[in-house]
Amino acid sequence: MMSDKKTKQDGDSLVKKLLSSNLTWSVVALIVLIVICTISDHQFLSLSWNKNTGGLSGPLITMLQESARYLMIATGMTLVISTAGIDLSVGSVMAVAGAAAMQMLTSGVNVWLAIFLALLIGLGVGCINGALVSILGLQPFITTLIMMLAGRGLAKVITSGQNTDASSVAGGAPLKWMANGFILGIPANFVIALAIVALIGLLCRKTAMGMMVESVGINPEASRMTGIKPKKILFLVYAISGLLAAVAGLFATASVMRVDVVKTGQDLEMYAILAVVIGGTSLLGGKFSLAGSALGAVIIAMIRKTIITLGIDSAATPAFFAVVVIVICVMQAPKIHNLGAEIKRKCALKTQTKAVAA
């Protein structure tokens, strides 16, 4: 009898834990979006093998390909936000990295050198952000806002204000494969993005890095007194964010081998922040979840795919996007999680009051 009671308590505890987890509700939201798309398009979940590309094809595969860039910027943004900062320059860094890669390819530079230099530029911009925030003590919002504007300008300088097209340039195959290739039937960019997220996750959770990042986000002064160097941590997270934004920029431009200095990376800083919030990381800093942010990035890509599948008018797209994100955030709110328990408690109290009155 006691064993059954204990099993029931353990089961209730597990259910309560699952229902209170942001990750659970993010998964529910993703499933709901997939169901909506499947109802609208009965072929949405269908997969087929494309002999030309050597991989799977279908709406879900297209969504995974698009989510790779969101995975990159959301991962970097998670680390920055966990230190109570913000990086509004990720979209511009994408444009700068993409512009540099495309321009170098059209100039005859080796593709691997072009990739390396594009990543180096992204890292450099991230280091500048990190130096201004950590060493000079500038506000992250203002610093990265300025860099967002400067980044677009730098992209235009690199390409002389033109949208550089490198699709006809010989030797760009490795870069094309990064965005359009497949690994065991799965989009290569998605696999690469997952590998990078996993690597950063291991670095954060298997070393002291994650604890130090969270500590700086909670209380920089207290973390300094315990031996942690907040300035180095701040510099590191902004540098990582810049580097990952450059990877996202390569994914975005390599898919068509063309950079649009105005549209490449446009509004993606907002998507990155939304992905982090959906993933359960607080904008106030502290504890973070890379897995949650990764799932949030996939949800952002899924929302965009839902908009296309439902054929929503472009004028109504921002409103639809906002409504879906608000619903997901409401689902994750602690008060909503505790609503069921509160109703149950009030009903029990009401029943008890009636029994006493009788």
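**Notebook: salt bridges, core, pocket and two unusual loop residues**

I began with the charged pairs, and the first one I noted is arginine 224 with glutamate 221, which form a salt bridge whose closest N and O atoms are 2.5 Å apart. I am working from a predicted model, and I keep that in mind for every entry here. Arginine 224 and glutamate 221 are 3 residues apart in helix H10 (residues 220-225), so about one helical turn separates them. I looked up the accessibility of both partners: arginine 224 is partly exposed at a relative accessible area of 46%, and glutamate 221 is partly exposed as well, at 42%.

How many salt bridges does a search of the whole structure find? I found 3, and I went through the remaining pairs in turn.

Glutamate 66 forms a salt bridge with arginine 304, and I noted 2.6 Å between the closest N and O atoms. This pair links distant parts of the chain, since glutamate 66 sits in helix H3 and arginine 304 in helix H13 (residues 290-310), with their positions 238 residues apart. I then asked myself whether glutamate 66 is buried or exposed. Glutamate 66 has a relative accessible area of 17%, and because buried means under 20%, this residue counts as buried. Arginine 304, by contrast, counts as partly exposed at 31% relative accessibility.

The pair of arginine 205 and glutamate 214 also forms a salt bridge, with the closest N and O atoms 3.3 Å apart. Here too I wrote down one partner of each kind: arginine 205 is partly exposed at 46% relative accessibility, whereas glutamate 214 is buried at 16%.

**Overall fold and core**

I recorded 16 helices and 4 strands for the protein. Of its 358 residues, 44% are buried. When I considered contacts with a separation of 6 or more, 76% of them turned out to involve residues 24 or more positions apart.

Next I looked at the largest nonpolar core, which has 94 residues, and in which Ile73 and Leu175 touch the most other members. Helix H11 (residues 230-254) contributes the largest share of this core, 14 residues. As a general remark for the margin, nonpolar side chains tend to be buried together in soluble globular proteins.

Which residues does isoleucine 73 contact once its neighbours within four places in sequence are left aside? I listed Val90, Met94, Ala245, Ala248, Leu268 and Ala272.

**The largest pocket**

I put the space in the largest pocket at about 360 Å³. Its lining consists of 17 residues, and those nearest the centre are Arg69, Lys263, Thr264, Gly265 and Gln266. Sorting the lining by type, I had 7 charged, 6 nonpolar and 4 polar residues. As for where the lining comes from, helix H3 (59-82), H11 and helix H12 (268-278) each supply at least two residues, and H3 gives the most, with 3 residues.

**Proline 174**

I placed proline 174 in helix H7 (residues 173-180), where at 24% relative accessibility it counts as partly exposed. Beyond its neighbours within four places in sequence, proline 174 is in contact with Val111 and Trp112. I also checked proline 174 against alanine 254, which is 80 residues away along the chain, and found their C-alpha atoms separated by 9.5 Å.

**Two loop residues with positive phi**

Where does serine 160 lie? I found serine 160 in the loop between helix H6 (140-158) and H7. Its phi is near 60°, which I marked as a positive value in a residue other than glycine. Serine 160 counts as exposed at 61% relative accessibility.

I made a similar entry for leucine 184, whose phi is near 55°, again a positive value in a residue other than glycine. Leucine 184 belongs to the loop between strand S3 (182-183) and strand S4 (186-187). I noted 84% relative accessibility for leucine 184, and since exposed means over 50%, this leucine counts as exposed. Leucine 184 is 129 residues from glycine 55 in sequence, and I noted a C-alpha to C-alpha distance of 7.1 Å between the two.

Methods. Residues numbered from 1 in each chain as written. Predicted model: local features only at pLDDT ≥ 70, side-chain atom pairs only at ≥ 80, totals over all residues. Heavy atoms only, no water. Core = buried A, V, L, I, M, F, W, Y, C linked by side-chain atoms within 4.5 Å. Buried < 20%, exposed > 50% of the residue type's maximum accessible area, 1.4 Å probe, protein only. Contact = heavy atoms within 4.5 Å. 1 Å grid on protein atoms, 1.4 Å probe; cavity = no way out; pocket = protein on both sides within 12 Å on 5 of 7 lines; lining within 4 Å. Points joined across faces, edges and corners; volume = space filled by probe spheres on them. Nonpolar A, V, L, I, M, F, W, Y, C, P; charged D, E, K, R; others polar. Salt bridge = Lys/Arg side-chain N within 4 Å of Asp/Glu carboxyl O.
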